[in-house]
Amino acid sequence: MNPSVPAPSPLSRIRPDVRAMHAYHVAPSDGLLKLDAMENPFSLPPALQRALGERLGALQLNRYPGGARQEALKAALAAHAGAPEGSALMLGNGSDELISLLALACAQPAADRRRAVVLAPVPGFVMYAMSAQLQGLDFVGVPLTPDFELDERAMLAAIAAHHPAITYLAYPNNPTATLWDEGAMQRIVDAVAAQGGIVAIDEAYQPFASRSWIERMRAEPARNAHVLLMRTLSKFGLAGVRLGYLIGPAALVGEIDKVRPPYNISVLNCEAALFALEHADVFADQAAELRGERELLIARLRAMPGVQRVWDSQANMVLVRVPDAARTFQGMKDRGVLVKNVSTMHALLAQCLRLTVGSAQDNAQMLAALEASL
Ligand SMILES: Cc1ncc(COP(=O)(O)O)c(C=O)c1O
């Protein structure tokens with residue numbers, strides 16, 4: 001090696017598109033009331049904290065995860081969700097991982113004439129586009145209507161034009177909190193079937209929604225033979241645990257499961273999830289309280305002078321339009337409340353803030369900060 005010639009930088013070995021991209025930004029939140037990421041505001045009751053601690057402490061941390069406990073977790077999740085007869089379930093380290101694995105399983109070799117396509121309504125959850133980019137699929141975003149409903153005609157036209165491998169329908173959607181019209185959903189699901197594609201229905205916010213697609217899957221399995229239902233325990237109350245799951249026809253789930261890292265769910269995630277499902281009533285009560293708080297929050301936001309628009313919500317978030325989102329966001333932060341400024345994510349979200357629904361006390365503090373910052 002010639003010491004006068006500098007060695008090339010190892011950074012040159014990192015993909016140019018990765019070097020050009022920004023990492024997923026998690027906003028610093030120390031000392032702030034955190035209402036930016038749709039987390040459940042309630043912690044476990046003290047008696048359950050102690051019982052969970054004992055359960056976790058007794059685990060065999062020296063052994064790789066898997067085996068009977070993971071099968072027990074799959075069975076408990078299938079029962080909890082009411083999975084259709086004969087369907088299979090796959091576990092992910094949060095649904096973020098499942099989104100990545102689905103893209104990985106569908107990415108076609110670069111030598112192919114056409115890259116595989118991921119299609120989703122926009123604005124939507126950012127990981128659908130990000131997973132496509134990272135795994136070498138093309139992303140097609142179909143704008144929602146200005147009222148944040150599905151543009152059914154545009155969706156059907158895009159499906160016919162692009163033959164997507166994966167069509168995402170977040171049900172309800174993030175960040176608009178919309179639960180799509182069931183008839184439009186069905187026609188899109190049917191159109192994807194006719195093209196031989198996969199539909200991924202992402203029900204991350206199911207604890208706060210009035211409907212689930214699982215009812216359609218149970219009622220008409222053949223019509224949903226290309227549908228994967230994605231759920232997570234994050235919004236249920238366990239965002240820190242990282243546990244997502246995918247329910248679908250066994251043949252399809254079996255193929256995607258092949259690209260899953262073998263030990264992706266730690267024994268701690270698995271046991272904490274099993275424990276939470278044994279106490280599902282505690283979390284169901286919390287979700288019910290948050291649904292009630294959401295309606296109070298929406299009513300108070302609609303009565304607040306200076307808030308231009310408040311959208312209905314079927315999730316634990318509320319989207320609002322204000323005259324100057326950047327100024328209001330900063331004003332709320334200065335008053336100790338962190339929300340999400342989504343106004344630069346998509347043109348349809350101009351001057352919009354996304355507020356997470358918290359406890360009664362959190363929401364009162366958030367409303368006071370908002371009012372003072374408008
Ligand atoms: C629509 C949607 N899907 C999936 C996720 C990711 O959830 P998880 O915490 O399970 O990775 C989120 C997170 O905010 C989301 O909004």
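This tour moves through a predicted model, from the ligand outward to selected loops and helices.

**The ligand and its pocket**

Select the ligand and centre the view on it. The ligand occupies the largest pocket. Next, display the surrounding shell, which consists of 13 residues; those that come nearest are Ser95, Asp202, Tyr205, Thr232 and Ser234. If the shell is coloured by residue class, four of its residues appear as nonpolar, five as polar and four as charged. Two helices deserve highlighting here: helix H4 (95-106) and helix H9 (234-238) each contribute at least two residues to this shell.

Which atoms of Ser95, Asp202 and Ser234 face the ligand at short range? Begin with Ser95, where a polar backbone atom is 2.7 Å from an oxygen atom of the ligand. Then select Asp202, whose side chain places a polar atom 2.6 Å from a nitrogen atom of the ligand. Finally, select Ser234: an N or O atom in its side chain is 2.6 Å from an oxygen atom of the ligand. Now show the surface around the ligand. On its own the ligand has 400 Å² of accessible area, and the protein covers 93% of it.

**Two cis peptide bonds**

Select Val122 and Pro123 and examine the bond between them. This peptide bond is cis, with omega at about 0°. Pro123 belongs to the loop that runs between strand S3 (117-122) and helix H5 (126-135).

Continue to Tyr171 and Pro172, which are also joined by a cis peptide bond; here omega is about 5°. The loop that holds Pro172 lies between strand S5 (166-170) and helix H7 (182-195).

**Two residues with positive phi**

Remain in the loop between S5 and H7 and select Ala177, which is found there. Its phi is near 65°, a positive value in a residue other than glycine. Is Ala177 buried or exposed? With a relative accessible area of 1%, Ala177 is buried, because buried means under 20%.

Now select Met38, in the loop between strand S1 (33-34) and helix H2 (46-57). Met38 is not a glycine, yet its phi is positive, near 55°. Its relative accessibility is 2%, and Met38 therefore counts as buried.

**Along helix H12**

Display helix H12 (residues 280-302) and select Ala288 within it. Ala288 counts as partly exposed because its relative accessibility is 36%, a value in between the limits of under 20% for buried and over 50% for exposed. Add Pro207 to the selection and draw a distance between the two C-alpha atoms. Ala288 and Pro207 are 81 residues apart along the chain, and their C-alpha atoms are separated by 8.3 Å.

Gln286 is also placed in helix H12. What does the side chain of Gln286 contact? Show the side chain of Asn40 beside it: the two side chains make a polar contact at 2.9 Å. Gln286 has a relative accessible area of 10%, so Gln286 is buried.

**Two exposed residues**

Turn to helix H2 and select Arg50, which lies in it. The relative accessible area of Arg50 is 58%, so this residue is exposed. Select Lys74 as well and compare the C-alpha positions. Arg50 and Lys74 are 24 residues apart in sequence, and their C-alpha atoms are 24 Å apart in space.

The last stop is Asp312, in the loop between strand S9 (309-310) and strand S10 (317-321). Asp312 is exposed because its relative accessible area is 55%, where exposed means over 50%. To finish, add Ile298 to the selection. Asp312 and Ile298 are 14 residues apart along the chain, with 7.6 Å between their C-alpha atoms.

Notes: Residues are numbered from 1 along each chain as its sequence is written. This is a predicted model: local features need pLDDT of at least 70, side-chain atom pairs count only at pLDDT 80 or more; totals for chains, interfaces and linings use all residues. Side-chain values use heavy atoms; hydrogens and water are left out. Helices (H or I, at least four residues) and strands (E, at least two) are DSSP runs, numbered from the N terminus. Buried means under 20% relative accessible area, exposed over 50%, partly exposed in between (1.4 Å probe, protein chains only). A residue is near a molecule or strand if one of its heavy atoms lies within 4 Å of it. A polar contact is a pair of N or O atoms within 3.5 Å; within protein, one must be able to donate a hydrogen and the other to accept it, and residues adjacent in sequence count only if both atoms are side-chain atoms. Accessible areas come from the Shrake-Rupley method with a 1.4 Å probe; for residues, only the protein chains shown count as cover. On a 1 Å grid over the protein atoms alone, a cavity is a set of points where a 1.4 Å probe fits but cannot get out, and a pocket is an open set with protein on both sides within 12 Å along at least five of seven lines; lining residues have an atom within 4 Å of a point. A molecule sits in a cavity or pocket if more than half of its atoms lie within 2 Å of its grid points. Ala, Val, Leu, Ile, Met, Phe, Trp, Tyr, Cys and Pro count as nonpolar, Asp, Glu, Lys and Arg as charged, and the others, Gly among them, as polar.
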